[in-house]
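Trainee: Could you take me through this structure and show me how each label is earned?
Mentor: Gladly; ask as we go.

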Amino acid sequence: MNEAIPQLTSYDEPSLEAAFATLSEEVRTTDATDPEAFRLHWLGRKQGRLKLISEAWLKSAPAEARKPLGIRFNQLKQQIEQALESPVSAPAKSEQQGIDITLPGTVRAPGIPHPLLKTMHEIVSVFHHLGYSTNLGPQVESDFYNFEALNFPPNHPARDTQDTLQIAAQHTRPSRDRLLMRTHTSPVQIRTMIAQAPPIRIVIPGKVHRNDAADATHSPIFHQVEGLCVDTNITFSDLKGTLDHAMKALFGSAVKTRFFPSFFPFTEPSADVQISCIFCGGKGCRKCKHSGWIELLGCGMVDPAVFASVTEERRKLNPSDDAYNPEKITGFAFGMGVERIAMIQHGISDIGHFYSGDVRFLEQFA
Ligand code: PHE
């Protein structure tokens, strides 16, 4: 510790005050854990800091400054001696290192769930409260699960609406085993039913892929939440009641639902569900294209052809399996797009915001 001798250029009262405050602070923050080293450093007879500084400052001091200087050096000496007597008052380590622990720390903003995941969890949790559990399936799916078992026969035009990426070098395989990126979460309906007998109540959140050009409302990769309920005596009114409840839970109790006839190969009858426009309350506005309604999801009663494919697979393991006999059980299924729901919830007009990773967009959901 061979610090330079501080310079004192002016001997007026404020300068002395400041210079000795600095010295006193230096004494306070000097490591005193080794008292002998501390004593030598400050009070050493030849090279002690107190001696060197007082010599330097007194040498060039005008006569009238010698007394106030002397008084202050005495006070400083007392402070040093006191520090030696009560080493308990040794400064804390952080102070020795010049860290001011009273300064505010570096604030690291906590992470938040992505708005899409948040909406996905909200949807899933509505169904958890109804007693549903969650199932997941692979994004790389076989033709059988994504299409065939869901009653899309090979070369059927219904497949055109769900064009997707095919995994390379699959043409030597039987068509049912060819791999592709799944176009919807519905294949997990099949996987679940093959693995497990009714009653079934599951939700399936996940990522899906389609050959859709990206625009303000489309993305070739997006997210769905699927639902499947299979049990004895499940009717279309159960489907209506369940989805009406879910839409009210997601968008508020004032929301109304209506069901329009539609087509999906794996449900019969099929319906599109619309909710009353949450922006205008159903009066008609730009967002609902002046119809008062917003189309939100697809649904329907599980087609007996789907139960037949499931039964065929289950019988490979147990030839007498009859768990999915459509004479005994019925079911409903539904599928909704997470992006679309999140866009309506938050009034987002461009789906691209979800994938941009722009913090200015994301931090609005903190
Ligand atoms: N899988 C359908 C789609 O992606 C949605 C759907 C799911 C429809 C379940 C009916 C029943 O468009």
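What follows is a short talk about burial, cores, the ligand and the backbone.

Mentor: This is a predicted model, where local features need pLDDT of at least 70, side-chain atom pairs count only at pLDDT 80 or more, and totals for chains, interfaces and linings use all residues. Residues are numbered from 1 along each chain as its sequence is written, and side-chain values use heavy atoms, with hydrogens and water left out.

Trainee: Why is G331 called buried or exposed?
Mentor: Buried means under 20% relative accessible area, exposed over 50%, and partly exposed in between, with a 1.4 Å probe and protein chains only. G331 has 1% relative accessibility, so G331 counts as buried.

Trainee: Where is G331 found, and what does G331 touch?
Mentor: G331 is in strand 9; strands (E, at least two residues) and helices (H or I, at least four) are DSSP runs, numbered from the N terminus. Not counting residues up to four places away in sequence, G331 touches C229, V230, I234, G300, M301, V302 and F307. Contact here means heavy atoms within 4.5 Å. The C-alpha atoms of G331 and P198 are separated by 9.5 Å, and these residues are 133 residues apart along the chain.

Trainee: What makes N233 and K289 buried or exposed?
Mentor: N233 has 67% relative accessibility, so N233 counts as exposed. K289, at 74%, counts as exposed because of that value. N233 sits in the loop between strand 5 and helix 9, while K289 lies in the loop between strand 7 and strand 8. Each also has a positive phi without being a glycine: near 60° for N233 and about 50° for K289.

Trainee: What makes a set of residues a nonpolar core?
Mentor: The members are buried Ala, Val, Leu, Ile, Met, Phe, Trp, Tyr and Cys residues joined through side-chain atoms within 4.5 Å. The largest one here has 45 residues, and F127, L243, M247, F251, L296 and M336 touch the most other members. Elements giving two or more residues to this core include helix 6 (115-128), helix 9 (236-251) and strand 8 (293-302). Apart from this core lies another, of 25 residues, among them F144 and I202. In soluble globular proteins, nonpolar side chains tend to be buried together.

Trainee: Which residues does L296 contact, leaving aside its neighbours within four places in sequence?
Mentor: Among them are M247, F251, V273, M336 and I344.

Trainee: How do you know which residues are around the ligand?
Mentor: A residue is near a molecule if one of its heavy atoms lies within 4 Å of it. There are 15 residues around the ligand, and H184, S186, R210, Q224 and E226 come nearest.

Trainee: What makes the pair between R210 and the ligand a polar contact?
Mentor: A polar contact is a pair of N or O atoms within 3.5 Å. An N or O atom in the side chain of R210 is 2.8 Å from an oxygen atom of the ligand, so that pair meets the cut-off. For Q224, a side-chain N or O atom is 2.9 Å from a ligand oxygen atom. The protein covers 92% of the 320 Å² of accessible area that the ligand has on its own, by the Shrake-Rupley method with a 1.4 Å probe.

Trainee: Which peptide bonds are cis?
Mentor: A cis peptide bond joins P198 and P199, with omega about 0°. The bond from E268 to P269 is cis too, with omega near -5°.

Technical notes: Polar contact = N/O pair within 3.5 Å; in protein donor to acceptor, adjacent residues only side chain to side chain.
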